[in-house]
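Student: Please zoom in on the surroundings of the ligand. Then follow up with the closed-off empty space in the protein.

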Amino acid sequence: MADLSLKHIYKVYDGEVKAVNDFCMDIKDKEFIVFVGPSGCGKSTTLRMIAGLEEISAGELRIDGEVVNDLEPKDRNIAMVFQNYALYPHMTVYENMAFALKTAKVPKDIIKQKVTEAAEILGITQYLERKPKALSGGQRQRVALGRAIVRNPKVFLLDEPLSNLDAKLRAAMRAEISRLHEKLQTTFIYVTHDQTEAMTMGTRIVVMKDGFVQQIDTPRNLFRNPINMFVASFIGTPQICFFDGVIYKEGREISYVLDCGIRINVDFYIADKIPEKYSDGKHRVAVGIRPDDVRIDDGKYKTDEWEITEAPVVMVESLGGENLVYTNLYGKNSPGEDGTLVVKTGADCEIHKGDIVKIAINKRNIYVFDRETEMNIISGIPKENIVDCEIVKGKMQLGNNSFNLPKAIYGIKDGKVKVRIPSDGVILGEGSGKGKIARVEIIDDKVLYRLEYGNYDKKDALFPLFVYEDGNQCFDEGDNVNFDIDFSKISIAERNITPLNTVNSVKCSIVKVREKNRKYTFYFDIAGELAEIEHVIREKLFAARGIEIFDTEPELIFDAFAVAAEKSDNPSRYAFLAEITEILDYGRFCFGKADLGESSVVFPYSGNVGDTVSLKISAEGVTVKDRKQDIIIV
Ligand code: ADP
């Protein structure tokens, strides 16, 4: 059981080869992380740095909060399983599995118990007395896993453990390793160059290229929201097909115009996500279509969702259970040329080379990349909505919805304005706004809704709102919902309205005070205002810095919602006292402002200016940064 944190990790070999650049990642306990990428991209090097087999050139590696850069491999409580098994040929399976425990002087009966247990988990009990040479590849790999299991490591590192096995065994062992992960409830980090392995096993996948992390995401999100063309083509089989072209806007219609002349009207759900600068008909883009999103048209595909076109078949590949039909959108007749689009069909599909087929392309799942930067231009979750509104006498008119402006921004000048509303700044299910859920997308751990509102005849729905929520999906496509705007998050450039900054940051120091019972109590000291440090934070501070903690220049960073403010002259334990200098009433949320040292902080509070309040920052919500070294300690 372990959390890992890799912060700005670099590996430079022999002072010149930069094998790993600025690797940053937080790995939660029990995750199954897969590092994937072409050979030489830095996967093994990163894994070996975590194991301690390779020195870290720069950056910080933590296991359960403790910096382990300089810790010996054996002291990291990590087990590594290699591709070549690395079993001792002269020892039996039992001896191989017991070896590490024996060297650690674990009592014999405990060794026996652990080896027996591990052998049972892996189904190799009957081979315990055999030597490795009398085992098959798969069995040897199980022994290698067994050797790791007996040590009860906090983290399992696996470096291409299946690459020496044949395809059938590999598939079986994949499932077995996933089961093992479930059973052991431990953090796994697994290296492979095989994207199928990555997609089937990882809870999150790190895609690497040339020493750089390209994207860290869930399998589904890598597939549906690849950050660039590299990730799009590396993930998914058969590979995504690319077609060069431009995006063209004509009135309300937006279409992809491929160089071959094919024009695909963009589904309006997607059109709203395309940044305006790309729809000028000049920016070169690469349009990506996944074979999974193409069908042979049998007449049942509707043109509002599917683009129907004709193309010659240049090759048919049979995979047993299914066929891959290679067509060419440019009308070319040989495989491997520009314009190839692969279609998956059933094995009994009667299509042959030379046929002209009608194909249907799902317009909702077309990918578009900037041809020059190769970046995906349609982000999964749009960060903000830019909508035309009108301010009229203290109200904001959005389509035919009217919202009362809250006190904090009441009194701004009337007129037409462009309002930026972030996608987490719309609250669904309450408020005076009325709209309809037009589309629901699950993206990673978030639910993205496309909310249409207003008077459809007047085309208000042209400016829909993208709204996301963490966690559970609460609404379905077609639902009528009420909605509200979180005015603390919006900006109106014409009226100098900016979002409320809810990230607080204060400089402090750490002091200790000896109590009557001779024990020490530790405090955060902000310009003389003291708050006792909670136990969990104190432990982490000392684990990270030891007694040097008193010489650091800490900065406390915390969100407004991590503060519990109470009107009181008498601070509760762990709380700072401060005086309210301003009240910001945003309707849904009301915030108080107060000075702590040189900084002003905000927090939810609905009292009055001049109140004395006790401010308690939650231990889970606070980050402690060492300003001297610019490193996060807690
Ligand atoms: P991967 O595991 O993704 O195949 P590696 O982490 O093994 O890649 O290697 C990353 C890069 O570092 C490659 O360019 C490789 O040649 C280089 N490299 C690996 N080990 C060493 C070494 N001991 N000395 C110098 N260069 C190395």
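Tutor: Ala, Val, Leu, Ile, Met, Phe, Trp, Tyr, Cys and Pro count as nonpolar, Asp, Glu, Lys and Arg as charged, and the others, Gly among them, as polar. By that scheme the shell around the ligand holds four nonpolar, five polar and two charged residues. The model is predicted: local features need pLDDT of at least 70, side-chain atom pairs need 80 or more, and totals for chains, interfaces and linings use all residues. Numbering starts from 1 along each chain as its sequence is written, and side-chain values use heavy atoms, without hydrogens or water.

Now the shell by name (a heavy atom within 4 Å of the ligand). Tyr13, Asp14 and Ala19 are among its members. So are Pro38, Ser39, Gly40, Cys41 and Gly42. Lys43, Ser44 and Thr45 complete the list. Asp14 and Lys43 are the charged pair in this shell. Tyr13, Ala19, Pro38 and Cys41 are the nonpolar members. Helix H1 (residues 43–51; a DSSP run of H or I, at least four residues) gives the largest share, three residues. Those three are Lys43, Ser44 and Thr45.

Next, the polar contacts (N or O pairs within 3.5 Å). A ligand oxygen sits 2.6 Å from a polar backbone atom of Gly40. Ser44 uses its side chain: an N or O atom there is 2.8 Å from a ligand oxygen. The side chain of Tyr13 has an N or O atom 3.4 Å from a ligand nitrogen. On its own the ligand has 560 Å² of accessible area (Shrake-Rupley, 1.4 Å probe), and the protein covers 60% of that.

On to the cavities (sets of points on a 1 Å grid over protein atoms alone where a 1.4 Å probe fits but cannot get out; lining within 4 Å). Two reach 30 Å³ or more. The largest holds about 100 Å³. Its lining includes Phe524, Ala531, Ile533, Ile537, Leu556, Tyr574 and Val622. Glu532 and Glu534 also line it; they are its two charged residues, beside nine nonpolar and no polar ones.

The second largest cavity has about 30 Å³. Phe558, Val563, Leu596 and Leu615 are among its lining residues. This lining is nine nonpolar residues, with no polar and no charged ones. Strands S37 (599–604) and S38 (612–617) each supply at least two of them. S37 gives the most, three residues: Val601, Val602 and Phe603. Phe576 and Ile617 appear in both linings.

Definitions and conventions: Polar contact = N/O pair within 3.5 Å; in protein donor to acceptor, adjacent residues only side chain to side chain. Helix = DSSP H or I, 4+ residues; strand = E, 2+ residues; numbered from the N terminus. 1 Å grid on protein atoms, 1.4 Å probe; cavity = no way out; pocket = protein on both sides within 12 Å on 5 of 7 lines; lining within 4 Å. Points joined across faces, edges and corners; volume = space filled by probe spheres on them.
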